[in-house]
Amino acid sequence: MGNKTKKKSGLNYKQTFLIGFGFMSCMTLWSVYNSYVPVILRSKFTELLGEGTKAAAFLNDHKALAWVSVALIVNAIMTIDNIFGVIFLPFFGKRSDRVKAGKWGKRMPFILVCMPICAVFFCFIPVAALVKAAGLSVLLMMTVIIFFNFTMSIWRSPVVSLMPDFTPSKMQSDANAVINIMGGIGQMVGFVVGTIAAALAGLVGFTEIALGLKSDTDALGHVLEADGSIRMIDGVAQKVNYVPVFVVTAIIAVLCLVVLTLFYRRNRQHDLTATEAEKLEAGDDTPKKKVSIKNLDMSKGEKRSLLIMLLALFLLNNATEAIVPNFTNFANDTLMVQPIYSTLMMAVFAVSLALFGIPAGVMGRKLGRKKTIMIGLAGIVFMFIVYLTVSQVLPKNADGTVNTFTWICLWIALVVGGAAVGCVNINTLPLVLAMGGREHVGTFTGYYYTATQAASITGPILCGLVIGLFHEDYNYMFLYCAVMFALGLIAMLGVKHGEATAEDEEWIQEAVEAAGD
């Protein structure tokens, strides 16, 4: 018979791992963007709106704008990616479905063209911040940020769709786990890329550019000295240059694209969309009946539970989305920790969240998803209250740094908070899907993402408003988040339906994996 090689029927892990480099590239860029851009924006708007400037005079003359603060402006800008995501991700995702598959398939043309352009815009964000004229610098930064977010919106959906293109449906759950691991690696790389950039540059910190502003004579000296992007060295203001961080990140992201491109050239014959394009497009054209909550085949109690659950989701995501753009500024102000180090703290939180993903899923199935979510929320609220109490009651050190006990509480909060958020995140979508049943998976997934995407826009803006009302004190980020989590916990008490039976678990997990949660 000879030595015939048996055809493997399981998941091709090597292939899936290489596909994951696309998602890794995306997450690396986002990690650095969300960590450093808020700090850079805060520096520029502090300079632009500082005492004695024309912009500050304009706000003072218009009392209706008195509530506008730097924190609010920065957080509003940081929602651009979420707004673009709602508008453009579905559009370009569908567009890539309908492209005629050629040599590079359906998805790769979007990725090959737009990802390098996106990386270039990414590098120009800190470059624009180096322009001395504050008004021109802000204008250039906003232009670059908008183009970066737009080009990112073009290739994000196609890069996520590569995995299903190469993987038969019965193995997509396992493949999605591999893709998420690659995304997590990308996120970790983004968190430590500041350290990598500093090491490559052979510097202890970042490159500093003298501004020629002396703290004892310049009217903005006290503002600049308090800002994370400005340091006072020998009485002269020095602007931190974040260009090395962004350039190193872009290089890593492009290298990920190179790996993905080489893989695709050698394995394009396995792209299901290239061989079954006509069949998939024909199936895509089948009319689908629009289903609203009003005409769902559910009792009044079940509909009430669904609406309350969606409200709870909105409240919870208002809190989680508010932390992302504010943490580095909080760490700089309160902890006196620069972004190069505060991103490592975020990495600890992310690792805790990732490690507790599987236990959180097991808890949801054993204890019930609602109960597991409430345990997670109670843990988050408790840790926030403990940290806020300790940080406000215990005095700081003589040099203004946070005392050791507060640091210990914060590190515990990061680890426990990551696990608690895992309890919430892992179980919310399955709970919503179980309410609708197998026949309404697409509809209820849409409800879920409508609630979470809406919160991703409102959360940072509302949190920025609160921080601004309390004189740019970023400690109030935790107060805002604690209130939102507490309200979400109260809302969860009204959810009376959604627990799945053992028979439902298989299709729910398949639906969750398909939704990319």
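**Exercise 1. State what percentage of the chain's residues is buried, then describe its surface and its folds.**

Solution. Start with burial: of the 517 residues in the chain, 50% are buried. The model is predicted. Next, take the surface. About 24,300 Å² is exposed by the chain. Carbon and sulfur atoms supply 66% of that area. Then list the secondary structure: 20 helices and 3 strands. Finish with the contacts between residues at least 6 apart in sequence. Of these, 82% join residues at least 24 apart.

**Exercise 2. Decide where the chain's confidence is lowest and where it is highest.**

Solution. Begin with the whole chain. Its mean pLDDT is 79, and 76% of residues reach 70 or more. Now go to the extremes. Helix H8, residues 221-226, has the lowest confidence, with a mean of 39. Helix H5, residues 108-129, has the highest, at 94.

Then check two stretches. Over residues 1-7, pLDDT stays under 50. The model gives this stretch 0 contacts beyond four places in sequence. Residues 232-237 also have pLDDT below 50, but here the model has 21 contacts beyond near neighbours in sequence. A caution applies: where pLDDT is low, predicted coordinates should not be read in detail.

**Exercise 3. Identify which helices supply the largest nonpolar core, and which residues touch the most other members.**

Solution. Size comes first: this core holds 72 residues. The members that touch the most others are Tyr33, Leu41, Ile111, Ile145, Trp155 and Phe246.

Next, trace the helices. At least two core residues come from each of H1 (13-48), H3 (70-77), H4 (80-98), H5, H6 (134-166), H7 (172-201) and H9 (243-267). H1 gives the largest share, 16 residues.

Now follow one member, Trp155. Residues up to four places away in sequence are not counted. Trp155 then touches Gly22, Ser25, Cys26 and Leu29, among others. Its partners also include Phe110, Ile111, Cys114, Met115 and Cys118.

Last, look beyond this core. A second, separate core has 59 residues. Among them are Leu316, Met345, Tyr474 and Ala491.

**Exercise 4. Is Asn34 buried or exposed? Locate it and name its contacts.**

Solution. Place the residue: Asn34 lies in helix H1. Read its relative accessibility, which is 18%. The cut-off for buried is under 20%. Asn34 therefore counts as buried. Then set aside neighbours within four places in sequence. The remaining contacts of Asn34 are Met78, Val324 and Pro325.

Conventions
Residues are numbered from 1 along each chain as its sequence is written. This is a predicted model: local features need pLDDT of at least 70, side-chain atom pairs count only at pLDDT 80 or more; totals for chains, interfaces and linings use all residues. Side-chain values use heavy atoms; hydrogens and water are left out. pLDDT is the predictor's confidence in each residue, from 0 to 100. Helices (H or I, at least four residues) and strands (E, at least two) are DSSP runs, numbered from the N terminus. Contact means heavy atoms within 4.5 Å. Buried means under 20% relative accessible area, exposed over 50%, partly exposed in between (1.4 Å probe, protein chains only). Accessible areas come from the Shrake-Rupley method with a 1.4 Å probe; for residues, only the protein chains shown count as cover. A nonpolar core is a set of buried Ala, Val, Leu, Ile, Met, Phe, Trp, Tyr and Cys residues joined through side-chain atoms within 4.5 Å.
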